[in-house]
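Could you walk me through this structure, element by element? I would like to follow it from the strands and helices to the spaces left inside.

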Amino acid sequence: MATHAGGLSATPVATGTDVVAGAPAVAVRGLVRAYGEERVLDDLDLELALGEFVAILGRSGSGKSTLLRALAGLDHGVAGVGEVRVPDQVSVVFQDSRLLPWARVLDNVVLGLDGVGRRDARDAGRAALAEVGLAGRERAWPNELSGGEQQRVSLARSLVRSPQLLLADEPFGALDALTRIRMHELLRDLYDRHRPAVLLVTHDVDEAIVLADRVVVLDRGRIAVERRIDLDGARDAADPRFAAIRTELLDALGVERKDVTA
Amino acid sequence: MTAVGTITRAGTAPRTSPGAAQIAGVRPQARPDVRPAGRRLGLGRPIPAAGLLGVVVLVGVWVAGSATGLIDQRVLSAPWTVVTTAGDLIAKGDLQENLGVSLTRAALGLAWGVAAGVVLALASGLSRVGDALLDGPIQVKRAIPNLALLPLLILWFGIGEPMKVITIALGVFIPIYVHTHNGLRSIDSRYVELAETVRLGRPQFVRRVVLPGALPGFLLGLRFAVTGSLLSLVVVEQVNATAGIGYMMELARTYGQTEVIIVGLVVYGVLGFTADAAVRLLQRRALAWRRTLED
Ligand SMILES: Nc1ncnc2c1ncn2[C@@H]1O[C@H](COP(=O)(O)OP(=O)(O)O)[C@@H](O)[C@H]1O
Ligand SMILES: [Mg+2]
């Protein structure tokens, strides 16, 4: 255990095999993460129910990625304390699609799965690619795909592992507006079919409202605001209730209404 | 409308006003699909057989120089003399035999050198202990010109074939080691993170991420190694060899046969050129996933 100047020590992530019905899929308590003297996450609590879709909003630098990396167990060496409970099967979708450029699309999807029945894994990989609309592109190189297609491959790679928790860090941040809307539909679709718990980091308020069951706003190292999205049916940005939620969240983010041009 | 139907350069749309075109009863013609053939900032249109062009020009100069008498026959034999000499040497079987010996030497040295370079690079690239033990001595070896070791190698291994193959291998393993090691160590940490999230085991991580990621480095090293092996070949063949292209050339020197020396040089040249082309082909095949400026 490494201690650092701030007196914090690095703690390993506790992964619970026990996903009991009724127990939350994710439980974070008293989470502290610090870079040097700077506490990026400061005594943060967060719970996700099984199959719940939560979006995290926050200003740039507010610690969204830090939180996600803590949940993914990718923050070795970052000082901190706290309790993190996540399911066994966690998939991560990064902002860059992070495909291995030297592996064909299908090999990327089934990366790490061919230990357990190679044939089965590849069949599952093909099915996952078909689900994200990329049937027939199994043998393409990642370089030959568009940004949106690459991100769909990355979604297929996450799905094929049947995750109980899907962590996504601004997965559509690098895509153009039109592609992003398509990806929203796809993600929502996949979510409805597979029902993992989802923690989606985004800086796009509309994206959060369209996709999530609940939106939390991260500020000064804690969850500052929580908002359940209780819009039934299709979520339409023109809906006045949608607009009301947007205003509320933008306020929480400290954005003056009149500054919003879009 | 004169603009309609004229061929426009790529990037400039014909300036027809739609209104005017309609009045004339002609639909504005779509801009012809003239696109630059290659990348604007690329290297330009590929030249057919580009690799050979410079060589052909050089040979042309040689032919012209010899035909006009500008090149003294005693200094540099004419190309046709070289060709007939090569023909004679082939007819007697000398050339094939010596070439066979030389090729075997170079190939053996290359094989041992590549194997040693890869094994050492893996050992020191994939483990901290290996790195601590191996990298230092190899860097020291790297600082000593290979040919400076020749006297010692002759004392240790004599003047026979083993000494020759070992000398070549010693020259080969350095570039293989350096570039493969560098390739192993400079794999993008984002891929390491990915490997962690999909829970790759260490063997799978090495096989799926590390080795393919280091392949470009290895192949670059191989190009240097192939050239280096021929360089060493030339030197060791002039140390008490009893066969080989270098031996053939040494013998020719004592009899003053310029044309045989040139045949030997041409053979060395063709050998080097072919070997490099082969590695480049291998590079293109193995790195099909890469989109580079060369394409
Ligand atoms: N590896 C690091 N070393 C030092 N500081 C870091 C590191 N990663 C992030 N930070 C800092 O932590 C803060 C939160 O970063 P991050 O979680 O990436 O924010 P977000 O994803 O919300 O934009 C930022 O101020 C950033 O500068
Ligand atoms: Mg971030």
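Here is a guided walk through the structure, which is a predicted model.

Let's begin in chain A with strand E9, residues 214-219. Six of the six residues of E9(A) are buried, so the strand is largely enclosed by the rest of the structure. In a regular strand, side chains alternate between the two faces of the sheet. On one side of E9(A) sit Arg214(A), Val216(A) and Leu218(A), and on the other Val215(A), Val217(A) and Asp219(A); both faces are covered.

What does E9(A) pair with? Strand E4(A) runs parallel to E9(A), and five bridges join the two. Within this pairing, Leu57(A) has Val217(A) as its bridge partner. Strand E10(A), residues 222-228, runs antiparallel to E9(A), and here six bridges make the connection. One pair to look for is Val216(A) with its bridge partner Glu226(A) in E10(A). E9(A) and E10(A) form a hairpin with two residues between them. In that turn, Arg220(A) has a positive phi of about 45°.

Now turn to helix H5(A), which covers residues 177-194. Its 18 residues reach 25 Å from the first C-alpha to the last, close to the 26 Å expected at 1.5 Å a residue. Which residues of H5(A) are buried? They are Thr179(A), Met183(A), His184(A), Leu186(A), Leu187(A), Leu190(A) and Tyr191(A). A general point helps when reading such a list: an α-helix has 3.6 residues a turn, so residues three or four places apart point the same way. The cover over the buried residues of H5(A) includes strands E4, E7 and E8 of chain A, along with helices H3, H4 and H6. Just after H5(A) comes Arg195(A), whose phi is positive, near 55°.

Helix H3(A), one of the elements covering H5(A), spans residues 118-131 and contains Ala128(A). Is Ala128(A) buried or exposed? Its relative accessible area is 5%, under the 20% cut-off, so Ala128(A) counts as buried. Leaving aside neighbours within four places in sequence, Ala128(A) is in contact with Ala156(A) and Val160(A). For a sense of distance, try Ala224(A): this residue lies 96 residues from Ala128(A) along the chain, and their C-alpha atoms are separated by 37 Å.

Chain B is built from helices: there are 11 of them, and zero strands. Buried residues make up 35% of its 295 residues. Among contacts in chain B between residues at least 6 apart in sequence, 68% join residues at least 24 apart. The chain exposes about 17,700 Å², with carbon and sulfur atoms supplying 65% of that area. A good helix to pick out is H7(B), residues 161-185, whose 25 residues reach 36 Å from first C-alpha to last, close to the 36 Å expected at 1.5 Å a residue. H7(B) is mostly covered, with 18 of its 25 residues buried.

Finally, let's look at the empty space. Rolling a probe the size of a water molecule over the atoms shows where such space is left. The structure holds four cavities of 30 Å³ or more. About 50 Å³ lies in the second largest cavity. Which residues line the second largest cavity? From chain A come Val90(A), Ser91(A), Val92(A), Arg157(A), Ser158(A) and Arg161(A), and from chain B come Thr197(B) and Val198(B). Strand E6(A) and helix H4(A) are the elements that give two or more residues to this lining. The largest share, three residues, comes from E6(A).

Notes: Residues numbered from 1 in each chain as written. Chains lettered and ligands numbered in written order. Predicted model: local features only at pLDDT ≥ 70, side-chain atom pairs only at ≥ 80, totals over all residues. Heavy atoms only, no water. Helix = DSSP H or I, 4+ residues; strand = E, 2+ residues; numbered from the N terminus. Buried < 20%, exposed > 50% of the residue type's maximum accessible area, 1.4 Å probe, protein only. Contact = heavy atoms within 4.5 Å. Expected span 1.5 Å × (residues − 1). Pairing = 2+ DSSP bridges. Areas by Shrake-Rupley, 256 points an atom, 1.4 Å probe, with all protein chains shown as cover. 1 Å grid on protein atoms, 1.4 Å probe; cavity = no way out; pocket = protein on both sides within 12 Å on 5 of 7 lines; lining within 4 Å. Points joined across faces, edges and corners; volume = space filled by probe spheres on them.
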